[in-house]
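The following paragraphs examine the aromatic side chains of one protein model. Please keep the sequence and the coordinates at hand while reading.

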Amino acid sequence: MTADPKATSEPPGRDARLAQLIITLFGLCARAEGNWLSTASVVALMADLGVDHQAVRSSISRLKRRGVLVSARRATTAGYSLAESTLAVLAEGDVRIFERSRASESDGWLLVVFSVPESERDKRHALRSSLTRLGFGTAAPGVWIAPATLTTETRRTLERQELSGYVDLFVSHHVGFDDLRTKIPRWWNLDELTQLYADFLHRYRPILHRTTTARPTPLDAFGIYVPMLTEWRRLPYRDPGLPLSLLPPAWNGEAAGTLFDQLDAILNPLAHKHALAVIHGQRRR
């Protein structure tokens, strides 16, 4: 479950963090509730994450203005739904986050070659931003690369954003000359990605120990799971599933993925239980 580009392009800082938490909440809960949450439910659930109601309402308004959320009323109750475009991207994100397929060298590579007129620099920026979010590396100016396993997702994304007219896609195999293992660190920032995985492992390994030795309450699980999922969901996009044979030995992305899966299995059902109790007015602490 990842957000669509409109939901991931805010400036860094508290506002962006809050917006991402709200998107995670909607992705986690609204889709199971007919794609709708009342404003009161969102405010109450965000309060359980330590966020005050004024900040929540302001962030929701910004997400509505950007077309990520849509205001929707049921009977006399005000609320919000995820926009259709956001729903589509969340569905694609579910595959990245919860399945995390990893390519092999035999899968080949997807090359994106693009040319955007100087008069449409906004399209060039949008294209580069989209490719970055999909996990592409830069092989040369105007030539971006990713495992060929991302071909379908890349086509859908570029078509949805009306960028396909500027792009040619090629699927190929590397036939020379340097060892690809020397190229991968030039095309992707593996040091940064390794550090992001290390931070996740450092933060959540102790939590796994606690949750396996003492079952958390639904409220506690909710308070852990939503921020964890918000933090995790960007990582499968920074790591596009590069072949393990081309990554450094003992790549910590595998350990981080296993940790996420273990915590997801424990916390997800309990977090849902708490969220549903709040949404349906049967709050239990």
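Are Phe200 and Trp232 buried or exposed? Both Phe200 and Trp232 are buried, where buried denotes under 20% relative accessible area, exposed over 50%, and partly exposed in between (1.4 Å probe, protein chains only). The model is predicted: local features need pLDDT of at least 70, side-chain atom pairs count only at pLDDT 80 or more, and totals for chains, interfaces and linings use all residues. Residues are numbered from 1 along each chain as its sequence is written, and side-chain values use heavy atoms, with hydrogens and water left out.

Rings of Phe, Tyr and Trp (its six-membered ring) are paired if their centres lie within 6.5 Å; planes under 30 degrees apart are stacked, over 60 edge-to-face, and the rest tilted. Eight aromatic pairs result from this rule. One of them is the tilted pair of Trp109 and Trp188, with 6.3 Å centre to centre and 40° between the planes. This pair joins distant parts of the chain, 79 residues apart: Trp109 belongs to strand β4 (residues 109–114), and Trp188 to the loop between α7 (180–187) and α8 (190–213). Helices (H or I, at least four residues) and strands (E, at least two) are DSSP runs, numbered from the N terminus. Trp109 is buried at a relative accessible area of 4%, and Trp188 is likewise buried at 7%.

Phe200 and Trp232 also form a tilted pair, at 4.9 Å centre to centre with 55° between the planes. Here Phe200 in helix α8 meets Trp232 in helix α9 (residues 218–232), 32 residues apart. Both residues belong to a cluster linked by ring pairs, together with Phe98, Tyr197, Tyr204, Trp251 and Phe260.
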